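Student: I have a model open and would like to talk through its side-chain contacts with you. Could you take the questions as they come?

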Amino acid sequence: MLKTTLTATALSLTMASFAVAQDFTMRLSHGDNESNPTHLTAVKFQELVDEYTEGRVVVQIFPSNALGTETEVAQALRMGSIEAEILYTGNLVPLAPSAGVLMLPYAYTTTEQAHLAMDTLLEPLNERLVPEAGVRALGLLEKGFRVLTTNQPVQTLDDLRGLKVRVSPNDIAIKTFQAWGIEPLPMDWAEVFPALQQRVIDGQENPYTTAISSRFYEVQSDITEIHYMMWTGPLLISERVFQSYPEDIQEAVARAGREAVEYGRQVSGELTEEAKAELVERGMTLHGAPQDEEKWSEAAESLWPQFYSQIGGEEWATQAIEIIKSSAE
């Protein structure tokens with residue numbers, strides 16, 4: 001009897017040890033190259049998950065949309081067939097409209113305000129992302145404000161009028177530029193550089209780091225620091241996958257996500273400053289903010305009610321805006 005009991009105990013301990021040592025594999029997809037803050041954030045997340053789970057979760061990184069487009073992967077996260085992703089907020093909105101509050105034009109105008117707003121929004125936003133898209137945001141990355149590059153100085157709204165500017169193909173960006181008195185041109189990303197080169201368009205709007213990586217200094221001469229929209233992107237995990245983890249793994253992964261995003265924001269800020277300096281060295285002229293940016297902001301903010309139905313409804317939009325505004329106080 002004693003021998004049987006000891007054997008059963010040993011078997012039980014062996015099974016328990018096996019359970020503790022059981023690894024989980026997490027595939028993390030993103031659409032950028034390996035020098036981008038997105039990838040550096042993913043690498044930091046990989047390191048922290050390994051540390052905080054003591055090797056029980058292995059993160060495999062797939063850059064440059066190796067697993068599919070950002071929207072395709074987000075759909076796969078809903079089903080749990082892919083575990084994690086970092087993507088541009090605009091590509092999440094079709095699946096999770098509530099994320100669109102991060103894209104309201106001139107919602108925040110400084111990096112510090114944006115960070116406070118995004119951190120405060122994280123939990124209430126997750127309450128909506130989970131039912132809408134079956135995903136959970138572990139943190140919200142940013143890569144700087146989308147600045148305006150052109151082939152002539154733009155320092156006032158009057159300078160903008162008459163120019164042909166490419167914008168991201170989303171309703172918020174299109175209507176914002178329309179409110180500023182021009183008819184913007186939504187265009188696929190692959191077409192932008194040749195269109196600038198051939199003067200089919202006069203300008204485009206993207207973060208400083210994109211201006212460097214896309215060599216816009218070869219076809220554009222001027223930069224205006226409009227603060228109408230920041231590039232934001234959540235670090236997402238499939239809710240099905242997250243709920244399948246033991247509680248201690250959930251806590252470790254959530255902690256790794258928060259800290260990885262903080263690191264990514266820091267790297268993004270450093271790379272933005274480096275990009276600005278390099279663009280000047282390569283001959284571009286930085287004009288700073290428009291002289292009449294208050295007019296840009298007022299025109300953009302007046303559009304907000306038009307977007308409420310697209311970003312989760314008026315009640316959520318009002319709640320989110322209150323959070324964003326309070327972060328500036």
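Student: Is aspartate 119 buried, partly exposed or exposed?
Tutor: In this predicted model, aspartate 119 has a relative accessible area of 46%, and because that falls between the 20% and 50% cut-offs, the residue counts as partly exposed.

Student: Which side chain does aspartate 119 meet in a salt bridge?
Tutor: The partner is arginine 265, with a distance of 2.9 Å from N to O. Arginine 265, in contrast to the partly exposed aspartate 119, counts as buried, at 7% relative accessibility.

Student: And where do those two sit in the chain?
Tutor: Aspartate 119 belongs to helix H5, residues 111-133, and arginine 265 to helix H11, so the salt bridge ties together parts that are 146 residues apart in sequence.

Student: How many salt bridges does a search of the whole structure find?
Tutor: The search finds 15. Another one that involves H11 is formed by the side chains of glutamate 225 and lysine 276, at 3.1 Å from N to O. Glutamate 225 lies in the loop between S9 and S10 while lysine 276 lies in helix H11, so this pair joins parts that are 51 residues apart in sequence.

Student: Are glutamate 225 and lysine 276 buried or exposed?
Tutor: Both glutamate 225 and lysine 276 are buried. You can set that beside the salt bridge of glutamate 301 with lysine 325, whose closest N and O atoms are 3.2 Å apart. There, glutamate 301 counts as partly exposed at 29% relative accessibility, and lysine 325 also counts as partly exposed, at 35%.

Student: What parts does that last pair, glutamate 301 and lysine 325, tie together?
Tutor: Glutamate 301 is in helix H12, residues 293-301, and lysine 325 is in helix H14, residues 314-326, so the parts tied together are 24 residues apart in sequence.

Student: Switching to rings, how many aromatic pairs does the structure hold?
Tutor: There are 8 aromatic pairs. In one of them, phenylalanine 24 and tyrosine 245 have ring centres 5.1 Å apart and planes at 65°, so the pair is edge-to-face. This pair links distant parts of the chain, 221 residues apart, since phenylalanine 24 is in strand S1 (residues 24-29) and tyrosine 245 is in the loop between helix H10 (239-244) and helix H11 (247-281).

Student: Which of those two rings is buried?
Tutor: Tyrosine 245 counts as buried, at 5% relative accessibility, whereas phenylalanine 24 is partly exposed, at 21%.

Student: What about phenylalanine 177 and tyrosine 228?
Tutor: Their ring centres are 5.6 Å apart and their planes stand at 90°, so that pair is edge-to-face. Phenylalanine 177 lies in helix H7 (residues 171-179) and tyrosine 228 in the loop between strand S9 (222-224) and strand S10 (230-238), so the pair ties together parts that are 51 residues apart in sequence. Phenylalanine 177 is buried at a relative accessible area of 0%, and tyrosine 228 counts as buried at 1%. Both residues belong to one aromatic cluster, which is formed by Tyr106, Phe177, Trp180, Tyr228 and Trp296.

Student: Which rings have a charged end sitting over them?
Tutor: The charged end of lysine 44 sits over the ring of tyrosine 263, 4.7 Å from its centre, and the charged end of arginine 215 sits over the ring of phenylalanine 193, 5.0 Å from its centre.

Student: Now the core: how many residues has the largest one, and which have the most contacts inside it?
Tutor: The largest nonpolar core has 89 residues, and those with the most contacts inside it are Met26, Phe45, Tyr108, Leu160, Phe177 and Trp180. H5 gives the most to this core, with 8 residues. Apart from it lies another core of 17 residues, among them Val192, Ile212, Val219 and Leu279.

Student: What does tyrosine 108 touch?
Tutor: Leaving aside residues up to four places away in sequence, its contacts include Ala114, Ala117, Met118, Phe145, His227 and Ile324.

Student: And how does the whole chain look?
Tutor: The protein chain has 14 helices and 11 strands, and its C-alpha trace spans about 95 × 45 × 35 Å along its principal axes. Of its 329 residues, 54% count as buried, and among contacts between residues at least 6 apart in sequence, 75% join residues at least 24 apart.

Technical notes: Residues are numbered from 1 along each chain as its sequence is written. This is a predicted model: local features need pLDDT of at least 70, side-chain atom pairs count only at pLDDT 80 or more; totals for chains, interfaces and linings use all residues. Side-chain values use heavy atoms; hydrogens and water are left out. Rings of Phe, Tyr and Trp (its six-membered ring) pair if their centres lie within 6.5 Å; planes under 30 degrees apart count as stacked, over 60 as edge-to-face and the rest as tilted. Helices (H or I, at least four residues) and strands (E, at least two) are DSSP runs, numbered from the N terminus. Buried means under 20% relative accessible area, exposed over 50%, partly exposed in between (1.4 Å probe, protein chains only). A charge sits over a ring if NZ of Lys or CZ of Arg is within 6 Å of the ring centre and within 35 degrees of the ring normal. A salt bridge is a side-chain nitrogen of Lys or Arg within 4 Å of a carboxyl oxygen of Asp or Glu. Contact means heavy atoms within 4.5 Å. A nonpolar core is a set of buried Ala, Val, Leu, Ile, Met, Phe, Trp, Tyr and Cys residues joined through side-chain atoms within 4.5 Å.
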